[in-house]
Amino acid sequence: MGQQDYIKDIARFGLENDQEKLLSTLNEFIEHNKNSKKVNFALQLQSLLKDSIRRHQNSSLQKVGSPSHYQSLQERDTEDLILEKLTSAYSLTNLVCTESAKDQLVNFLEEHRHSELLAKYELPLSNKLLLYGPSGCGKTLASYVVAGELQKMMIVVNLGAIVSSKLGETSKNLAKLFRKAAQDDCIIFIDEFDSLGKVRDYSQDHGEMKRVVNTILQLFDYLPQSSMVICATNQKDMLDDALLRRFDLAISMDLPEKQQIAELIHLVLKEDKFALDKKVSLVKLMAEAQGLSYYSIQKTLVNAIKRSIFAMTGTRALKPKIDTQIWMDLLIKEKEALSSK
């Protein structure tokens, strides 16, 4: 059955209020999209279906203390703690990083692709990943790549809602979130992890930070193998040693060197829609780009493309050419702006 047939059946059963056939067809449609390599769309549909079923189950009168009542409260408790719930279309081809970082990431992904084989030999699955390094070097992108490659839903933690001034509230919020992730079999992504996992003898610690770190240690220890937590930080040295040891893998996402800069340029221009002019040599541009993050290099290149296109309005060039002098100027300004901070 084709996609249009599924959509027509879903519309018909929905209008006829035939819940049984509607749910059955929706589940078939989800499987059809998974088999058609539209995995992210299928995951989004699956998540919508699960949430709808839960709301329907909890919409009737509930007995206080019953499982449905408890689950309804739990759903409300975690809503504000989640910044975003998403699927990802990113893959390893979208990530530029060092060979060492990519090799580690590939091995991490391989474990999850062969989880049944590891379980057969009673070997643990690595499911706690730390990404560290300077800002703009691909830590968040790497988390999206993991979600995309493994076709899993990802919960992005809302740190502003997690961290509370009330005694013990931060720990409770974290526990709620980890329970939610275990229930939904998904990835938890915590950015700026150093704000939660600081060294327990940190000079400004008044006891609450120790409680938070102890809670995270326990949550990590009892994280189900089907769930995963990915944490990112710019300040690995501020993390508690015991917490660092709990991560199965810590990957350094460093500033790009010459090879990575060349790969990034190729990635931005890979569809071959643009060409570089020869006002400034590529060698000089790459030399100027060194010391900047992937984010800064890509941002300046994309802005140079846009400005070059604006300047060419009215011309009939088959392939727009990027004004390399504009890009050089943007690279210099970016370095100046970052050094003045």
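## Nonpolar cores

L105 is in contact (heavy atoms within 4.5 Å) with L92, L95, L129, A142, V146 and I251, leaving aside residues up to four places away in sequence. The largest nonpolar core, meaning a set of buried Ala, Val, Leu, Ile, Met, Phe, Trp, Tyr and Cys residues joined through side-chain atoms within 4.5 Å, has 47 residues, of which L105, L129, V146, I230, I251, M253 and W327 touch the most other members. A second, separate core of 33 residues includes M153, M209, L217 and A242. In soluble globular proteins, nonpolar side chains tend to be buried together.

## Basis of the model

This is a predicted model, in which local features need pLDDT of at least 70 and side-chain atom pairs count only at pLDDT 80 or more, whereas totals for chains, interfaces and linings use all residues. Residues are numbered from 1 along each chain as its sequence is written, and side-chain values use heavy atoms, with hydrogens and water left out.

## Helix 13

Helix 13 spans residues 282-289 (helices being DSSP runs of H or I, at least four residues, numbered from the N terminus), and within it L285, M286 and A289 are buried, that is, under 20% relative accessible area with a 1.4 Å probe and protein chains only. These three cover an arc of only 95 degrees around the axis, judged by the directions from the helix axis to the C-beta atoms, and therefore lie on the same side of helix 13. On the other side, V283 and K284 are exposed, which stands for over 50%.

The buried residues of helix 13 pack against helix 12 (258-268), helix 14 (294-311) and helix 15 (324-339). Just after helix 13, G291 takes a positive phi of about 100 degrees.

How values were computed: Helices (H or I, at least four residues) and strands (E, at least two) are DSSP runs, numbered from the N terminus.
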